[in-house]
Amino acid sequence: MQSAVAAAIKAGNHWRDLSSETRSELLDAAAQILTQQRDELSAWQILEAGKPWAEADADVCEAIDHIRYAAFQARRLFKAGNIGKGGESNAWTYHGVGPAAIIAPWNFPLAIVSGMAAAALAAGNPVVIKPAPQTPVSAYWLVQALQKAGLPAGTVGFLPGGDEIGRALVAHPDVALIAFTGSEAAGRQIIAAAMTDTPGRRHFKRVIAEMGGKNAIIVDDDADLDTSIADIVASAFSYAGQKCSACSRLIVLPAVYDQLLEKIIDAVGSLRIGDAADPSTYVGPVIDRAARDRINTAVELARLEARLIYQAPLPRELPGYYVAPGIFTDVKPDGMLAQEEVFGPILAVFRAESVEHAVELANNSRYGLTGGIMSRNPRTIEFVRQRMEVGNLYVNRRITGAVVGRQPFGGIKSSGLGSKAGGPDYLLQFVQAQVVTENTIRHGFVPPET
């Protein structure tokens, strides 16, 4: 760890002093390398993360988009500016803040690490990448692409391993910035540790943290149920519900409650559960044994406070660790299943008496990541738009699958700290501004040296 940070410090000035155009060209080259490796990268995600083919390919494409978008935004951000008036120059410039620790999750093992690392690099910062222990190879493909593209030695460090490496990076006095995506518990620990002063530190560490979600979709009584079902199922059960943006709460108005439940049970029952390498699989395995056990424990606890109305049968002798998709009703608004992130294919269904009550139920959470409204009433949509406390609100579509540059992604409340990934102001978190003021009215004359 010490040598990786030392190498980043050594390479940092050279990387920062390159023009933003040069840095952007190198990132574009790395994105092109990943583009040429698209199928192989998807295959590695199937192997490491258990992602079905469509999900794995989407992750690779998102990674490429993040890198290209960071390069594009750097070209815009680093254009020289002068805000001077009458007799003086006031040059406004941006510079990198220093070595950045990139602490990445396993559920988007290439896309998220690419988004965080590319933004830091585009802004002129060397990076040390600490991948999730479950998916180090997927992250290493990014490191290889950056190296092949020609980034200077030491600009990109790679430290696979467990939590102890992440903690050491966070505490290192020379790490200036931490970009993290993961659980709320880990995020809070990182934020607290970053604010703790350590010997040798000369700066406040910046922390960009994207954390958990307990996301809700509201279904109005005039919603198109047939189209809504497809989006609800995709939001709740794709990649076995292992997305921070996944729908884990469904809030339904009384007029359509029974009909919607019937339809969603039929839809979930039709989902193919199986090996992620099989192209027909919709619900694959969860990431590891510990995740399976945590989710199954949560299901057993939920049985004590809610009613399990459907649980899909699991095929026998599947390779990996599987959790049966489940649907609960009669869920207590302040109970475990309503409040805690389960991070698996479990959906809690609530009956709301009105749209106002539905929004109240949706907002009854410390999280505020994504949310959705299924309605054909413009007034209802506008009301939910104004009142629902989420960073990303989706209307009449699935609440997962944000696209870089079109749906910048990030939450509020306890779901996140920082600007939205894939958005126009994301790079601002990775830079510091400097203004150089010069008096341009010269008195006297200094002759050139002869």
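Two strands are taken to pair if DSSP finds at least two bridges between them, and that rule underlies the sheet views below. The model shown is predicted.

**View 1. Strands S10 and S11 pair side by side in the seven-stranded sheet.** Here S10 and S11 run antiparallel and share four bridges. For a landmark, look for Tyr310, which stands opposite Ile327 in S11. Step back and the whole open sheet comes into view, with seven strands in the order S10-S11-S12-S9-S8-S14-S15 and mixed pairing. S10 and S15 each have a single partner strand, so these two stand at the edges and one side of each is left without a neighbour in the sheet. From one strand to the next, the twist averages 20°. Helix H10 (residues 254-269) packs on this sheet, where it touches strand S8 (215-219), strand S9 (247-252), S10, S11 and strand S12 (346-351). The direction of H10 makes about 165° with that of S12.

**View 2. Strand S15 shows alternating side chains.** Strand S14 (residues 370-374) is paired with S15 in the parallel sense, over four bridges. Gly371 has Leu393 in S15 as its bridge partner. Follow S15 along its length and the side chains take turns: Asn392 and Tyr394 point to one face and are buried. Leu393 and Val395 point to the other face and are not buried.

**View 3. Two loop residues, Glu317 and Asn396, have positive phi values.** Glu317 sits in the loop that links strand S10 (307-311) and strand S11 (326-329). Its phi is near 55°, a positive value in a residue other than glycine. Is Glu317 buried or exposed? Glu317 counts as exposed because its relative accessibility is 80%, and the cut-off for exposed is over 50%. Asn396 is found in the loop between strand S15 (392-395) and strand S16 (412-413). For Asn396, too, phi is near 55°, and this residue is likewise other than glycine. With a relative accessible area of 39%, Asn396 is partly exposed.

**View 4. Helices H2 and H6 cross with a right-handed sense.** Two packed helices are described by the angle between their axes and the distance between the axes. For helix H2 (residues 20-36) and helix H6 (residues 136-149), the angle is about 125° and the axes are 8 Å apart. That angle makes H2 oblique to H6. On the H2 side, the contact is made by Leu26, Leu27, Ala29, Ala30, Ile33 and Leu34. These meet Trp141, Leu142, Ala145, Leu146, Lys148 and Ala149 in H6. What kinds of residue make up the contact of H2 with H6? They divide into eleven nonpolar, no polar and one charged.

**View 5. Ser20 of helix H2 is a buried residue.** Ser20 counts as buried because its relative accessibility is 16%, and the cut-off for buried is under 20%. Which residues is Ser20 in contact with, leaving aside its neighbours within four places in sequence? They are Ala74 and Phe78.

**View 6. A three-stranded open sheet is built with antiparallel pairing.** The strand order in this sheet is S1-S2-S18. Strand S1 (81-82) and strand S18 (431-439) are the edge strands, and each pairs on one side only. Strand S2 (residues 88-96) pairs with S18 in the antiparallel sense over nine bridges. To find your way along S18, look for Gln432, the bridge partner of His95.

Definitions and conventions: Residues numbered from 1 in each chain as written. Predicted model: local features only at pLDDT ≥ 70, side-chain atom pairs only at ≥ 80, totals over all residues. Heavy atoms only, no water. Axes fitted to C-alpha atoms, helices over the stretch in contact; angles between N-to-C directions. Parallel < 35°, antiparallel > 145°, perpendicular 65-115°, else oblique. Left-handed = near helix turned anticlockwise from the far one by under 90°. Contact = heavy atoms within 4.5 Å. Nonpolar A, V, L, I, M, F, W, Y, C, P; charged D, E, K, R; others polar. Buried < 20%, exposed > 50% of the residue type's maximum accessible area, 1.4 Å probe, protein only.
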